[in-house]
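Biologist: Before I rely on the terms used for this protein, I should like to see how each one is justified. Could you take me through the reasoning?

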Amino acid sequence: MVGAVLGDLPLQVRRRMRYRERRGGYTSMRHGTDYQRDRSAKQRIKDLVETPHYIDCCHRPELRALRTLYESTHDMESLQQCTSCGTYWFYRFHEYVNWSTGDDDLTSWFTALTDEEGTRLRNVTGGHGEDLSFLATRPSWRDDRDGAQRVDGAPARPWS
């Protein structure tokens, strides 16, 4: 039954779950490092796709993916919107594959967008060819193996 549930998840969610299992147990983004190992697979999956705790657009942020702008084997870009306050967010995921140790580095960036930028990305027809150079200097949240932190910018393009 777990295999059927996992097969329905986006590729980047399946990777993050495998990565966390290899690290010696599951760590929920919402609940910290000592959050139980005995959670059911369905509950662990639900935790993975929840809005990260550091999203700070309003008192009760709840992100919903509006569209995937780009997706490859190791990268993903999507436009998301908070259902509570309407803020648009640009989401980027990147997996750096470490062939020598098997400890892949999974990194996510969340960048708040203006209404104009969000509307433009929502209506763009090409997705991947869109100019995203403004992300390089836009304050963003980066979540990687060192945890979540505020950074001065996000990558302006995917690696692949």
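Modeller: The discussion below concerns a predicted model and takes up aromatic pairs, burial and cysteines in turn.

Biologist: Why is the pair of Tyr54 and Phe110 called edge-to-face?

Modeller: The ring planes of Tyr54 and Phe110 stand at 65 degrees, with 6.1 Å centre to centre. Pairing requires centres within 6.5 Å, and an angle over 60 degrees counts as edge-to-face, so both conditions are met. This pair links distant parts of the chain, with Tyr54 in the loop between helix H3 and strand S1 and Phe110 in strand S4, 56 residues apart.

Biologist: What makes the pair of Tyr54 and Trp141 tilted?

Modeller: The centres of Tyr54 and Trp141 are 5.3 Å apart and the planes are at 35 degrees. Stacked rings need an angle under 30 degrees and edge-to-face rings one over 60, therefore this pair is tilted. Trp141 lies in strand S5, so the pair ties together parts that are 87 residues apart in sequence. Tyr54, Tyr91, Phe110 and Trp141 form one aromatic cluster.

Biologist: How do you know whether Tyr54 and Trp141 are buried or exposed?

Modeller: Buried means under 20% relative accessible area. Tyr54 has 7% and therefore counts as buried; Trp141, with 15%, is buried too.

Biologist: Why is Cys58 in no disulfide?

Modeller: The nearest cysteine sulfur to that of Cys58 belongs to Cys82 and is 3.7 Å away. A disulfide requires sulfur atoms within 2.5 Å, so Cys58 does not qualify. A search of the whole structure finds 0 disulfides.

Biologist: What makes Cys58 partly exposed?

Modeller: Its relative accessible area is 23%, and partly exposed covers the range between 20% and 50%. Cys82, by contrast, is buried at 3%.

Terms used: Residues are numbered from 1 along each chain as its sequence is written. This is a predicted model: local features need pLDDT of at least 70, side-chain atom pairs count only at pLDDT 80 or more; totals for chains, interfaces and linings use all residues. Side-chain values use heavy atoms; hydrogens and water are left out. Rings of Phe, Tyr and Trp (its six-membered ring) pair if their centres lie within 6.5 Å; planes under 30 degrees apart count as stacked, over 60 as edge-to-face and the rest as tilted. Helices (H or I, at least four residues) and strands (E, at least two) are DSSP runs, numbered from the N terminus. Buried means under 20% relative accessible area, exposed over 50%, partly exposed in between (1.4 Å probe, protein chains only).
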